[in-house]
Amino acid sequence: MGLGSALGNRLRGNKVGSRPEAGSGAAPRSQQLPVARIPDATVRCGDLPRVVFDVVSPSELRAWRAKSPRRRHLQDVESVPETVEIYQDEAAIHIYRREASGQWSFDTADGPDAILSLHSVGLEIPLAEIYEFVVMLG
């Protein structure tokens, strides 16, 4: 909920028509997958998804190997230059960015004072805002 609210607040009235969406698909053109990969949230600009978000639960961390294929499927979408993994039970975010070479770089933002920078859509969101209503355990 915090992510959707933060994206909506920052994208409201933008000039390029970018908008947040929840539960919308982002499929690679080059392949038909037997299982749909639907990100938890997407920033779509015009008809194209630009940033996809995957919320990672504690139980998914235990099945670590399942994360990599899911991330690769989302990264196969030609129009997506950034994929973001948001950890559900701690203020931590992993950002993967497609470089000009086609390779993916990795960055992190963690702790309530950190900022999530989304270069492809020109947004910066404090993690404190994303995690505002999340009760941290531990």
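## Tyr96 and its surroundings

With a relative accessibility of 12%, Y96 counts as buried, because the cut-off for that class is under 20%. This is a predicted model, and Y96 sits within strand β5, which covers residues 92-98.

Who keeps Y96 company? Setting aside neighbours within four places in sequence, Y96 is in contact with R71, Q75, P81, E82, T83, E85, W104, S105 and F106. R71 deserves a second look: the side chains of Y96 and R71 make a polar contact at 3.2 Å. These two residues are 25 residues apart along the chain, and 9.2 Å separates their C-alpha atoms.

## The β7-β8 hairpin

Let's move on to another pair of strands. β7 (residues 115-118) pairs with β8 in the antiparallel sense, over four bridges. One of the bridge partnerships joins L118 to L123 in β8. Four residues lie between the strands of this hairpin, and G122 adopts a positive phi near 65 degrees.

Strand β8 itself (residues 123-126) has alternating side chains. L123 and I125 are buried and point to one face, whereas E124 and P126 point to the other and are not buried.

## The largest pocket

The largest pocket has a volume of about 370 Å³. Its lining comprises 19 residues, and those nearest the centre are M1, G2, L3, V55 and I130. Two or more lining residues come from each of α1 (2-11), β1 (18-22) and β4 (82-87), with α1 giving the most, at four residues.

As for chemistry, the lining holds 13 nonpolar residues, three polar ones and three charged ones.

How values were computed
Residues are numbered from 1 along each chain as its sequence is written. This is a predicted model: local features need pLDDT of at least 70, side-chain atom pairs count only at pLDDT 80 or more; totals for chains, interfaces and linings use all residues. Side-chain values use heavy atoms; hydrogens and water are left out. Buried means under 20% relative accessible area, exposed over 50%, partly exposed in between (1.4 Å probe, protein chains only). Two strands pair if DSSP finds at least two bridges between them. Contact means heavy atoms within 4.5 Å. A polar contact is a pair of N or O atoms within 3.5 Å; within protein, one must be able to donate a hydrogen and the other to accept it, and residues adjacent in sequence count only if both atoms are side-chain atoms. On a 1 Å grid over the protein atoms alone, a cavity is a set of points where a 1.4 Å probe fits but cannot get out, and a pocket is an open set with protein on both sides within 12 Å along at least five of seven lines; lining residues have an atom within 4 Å of a point. Grid points are joined across faces, edges and corners, and a volume is the space filled by probe spheres set on the points. Ala, Val, Leu, Ile, Met, Phe, Trp, Tyr, Cys and Pro count as nonpolar, Asp, Glu, Lys and Arg as charged, and the others, Gly among them, as polar.
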